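Hi there,

Here is the structure I promised to pass on to you. Have a look at it first, and then read on for what turned up.

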Amino acid sequence: MGVSVCYLAIDVGGTKLGAGIVDEHGDVLVRDRIATPPRDVWPALARLARRVLAAAPTPPVGCGVGCGGPMNPAAGTVAPLHIPSLRDFALAAEIEALTQLPTVVDNNAKAVALGEMWCGAAVGEQDFATVVIGAGVGGAIVIGGQPLDGRLGNAGHIGHMVVEPDGRPCACGGKGCLEAYCSGTAIEAETGRPPQRAPQAIVERTGIFTGRALAGVGALCDLRLAVVGGSVALGFGEPFFAGIQAELEQRARLGFTTGFRVVPVGRGQLATLVGAAALARRAG
């Protein structure tokens, strides 16, 4: 039986660029990825997208792109902190011109949230937070089944909540942000090794700081569920998730936040591509 509807899904991250073909059930039919080059990111991304499109079993009906933030949807531009060559880049327009597909670009964590509601760990959930810990730390908040956008589409940036007052400088220009301690970029700078080789103390601290931030989000937004993914979080595994949960049990003590649960993304390492497809599905 042939594929009736599929989407081109693109994930633009600080350490990797991913692209795939995702069908109407959320199954990834084709996928490819490359390391994010230090410069000339757009030409590399364009080649990747063309390669995946050529392998599609049927022509996609739309394209969704999850990208690190911040971004300005009104101007049609992105400005990911960890990809300098894409600052103020008109990503949606360029991909639309390249693929001839209607294209929607949004924050990658918001995309993951939509994907997890479609066919992951948040099916049937109406109110939750999503955290994606990779090169940076992204986040999204879903209320009443709809992701919060905010004034410029940047609501949910949990990575820039302060977890250590007067702490280390962050790429955003602030100090003590969650991202300054828990992102893959920060962990590698601190330890001199890639995050997958981080010492146990760093893994546990990453869980504690993520739990600290989520306790604040839960109280602010009346939440008791967080879905967490990204290469660093999934690579750290159970000790990291146990650290989050322990910190939440100490800090989320209001009646409406008691019992706050944290679960890994249901789609694992595919969550970003499924999420990007969810953006196209929602727009279509």
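Below are my notes, going through the two sheets, the helices, the cores and a couple of single residues.

Please keep in mind that this is a predicted model.

**The sheet with β1 in the middle**

One open sheet has 5 strands in the order β3-β2-β1-β4-β7, with mixed pairing. Its edges are β3 (28-35) and β7 (103-107); each has a single partner strand, so one side of each is left without a neighbour in the sheet. On average, neighbouring strands here are turned by 15° against each other, direction ignored.

Within this sheet, β1 (residues 6-12) and β4 (residues 63-67) run parallel and are joined by 5 bridges. If you want a spot to zoom in on, alanine 9 stands opposite glycine 64 in β4.

Two helices go with these strands. Helix α1 (residues 41-54) lies across β1, β2 (16-23) and β3, and runs at about 25° to β2. Helix α2 (residues 91-99) packs on the sheet as well, touching β1, β4 and β7, and its direction makes about 145° with that of β7.

**The sheet with β8 in the middle**

Another open sheet, also of mixed pairing, has 5 strands in the order β10-β9-β8-β11-β12. Here β10 (146-147) and β12 (261-264) stand at the edges with a single partner strand each, so one side of each has no neighbour in the sheet.

What does β8 pair with? On one side there is β9, which runs antiparallel to β8 and is joined to it by 6 bridges; a hairpin of 3 residues connects the two. Valine 131 has glycine 139 in β9 as its bridge partner. The other pairing is with β11, in the parallel sense, over 4 bridges, and there alanine 129 stands opposite alanine 226. Further out, β9 and β10 pair in the antiparallel sense over 2 bridges, with isoleucine 143 partnered by glutamine 146 in β10.

Strand β8 is also well covered: 6 of its 6 residues are buried. In a regular strand, side chains alternate between the two faces of the sheet. In β8, Phe128, Thr130 and Val132 are on one side, Ala129, Val131 and Ile133 are on the other, and all of them are buried.

**The nonpolar cores**

The largest nonpolar core has 36 residues, and those touching the most other members are Ile158, Leu178, Leu214, Val228, Phe240, Leu248 and Val262. Elements that each supply at least two residues of this core include β8 (128-133), β9 (137-143), α6 (200-221), β11 (225-229) and α8 (238-251). Helix α6 gives the largest share, 8 residues.

Phenylalanine 240 is a good place to start looking. Leaving out residues up to four places away in sequence, phenylalanine 240 touches Ile133, Val203, Thr206, Gly207, Thr210, Val228 and Ala233.

A second, separate core holds 29 residues, among them Val12, Cys67, Val78 and Val105.

**Helix α3 and its start**

Helix α3 (residues 108-119) has 12 residues and spans 16 Å from its first C-alpha to its last, close to the 16 Å expected at 1.5 Å a residue. Is α3 mostly covered or mostly open? It is mostly covered, with 11 of its 12 residues buried.

The N-terminal end of α3 is capped by asparagine 107, where a side-chain oxygen lies 2.8 Å from the backbone nitrogen of alanine 109. Next along, asparagine 108 is in helix α3 and counts as buried because its relative accessibility is 15%, under the 20% cut-off. Apart from neighbours within four places in sequence, asparagine 108 is in contact with Asp11, Val12, Gly66, Cys67 and Gly68.

**Threonine 36**

The last stop is threonine 36, in the loop between β3 and α1. At 14% relative accessibility, threonine 36 counts as buried. Its side chain reaches the backbone oxygen of glycine 13 at 2.7 Å, and a polar atom of that side chain lies 2.9 Å from the backbone nitrogen of lysine 16. Not counting residues up to four places away in sequence, threonine 36 touches Gly13, Gly14, Thr15, Lys16, Leu17, Val41 and Ile83.

Happy browsing, and best wishes!

Methods. Residues numbered from 1 in each chain as written. Predicted model: local features only at pLDDT ≥ 70, side-chain atom pairs only at ≥ 80, totals over all residues. Heavy atoms only, no water. Core = buried A, V, L, I, M, F, W, Y, C linked by side-chain atoms within 4.5 Å. Buried < 20%, exposed > 50% of the residue type's maximum accessible area, 1.4 Å probe, protein only. Contact = heavy atoms within 4.5 Å. Expected span 1.5 Å × (residues − 1). Polar contact = N/O pair within 3.5 Å; in protein donor to acceptor, adjacent residues only side chain to side chain. Pairing = 2+ DSSP bridges. Axes fitted to C-alpha atoms, helices over the stretch in contact; angles between N-to-C directions.
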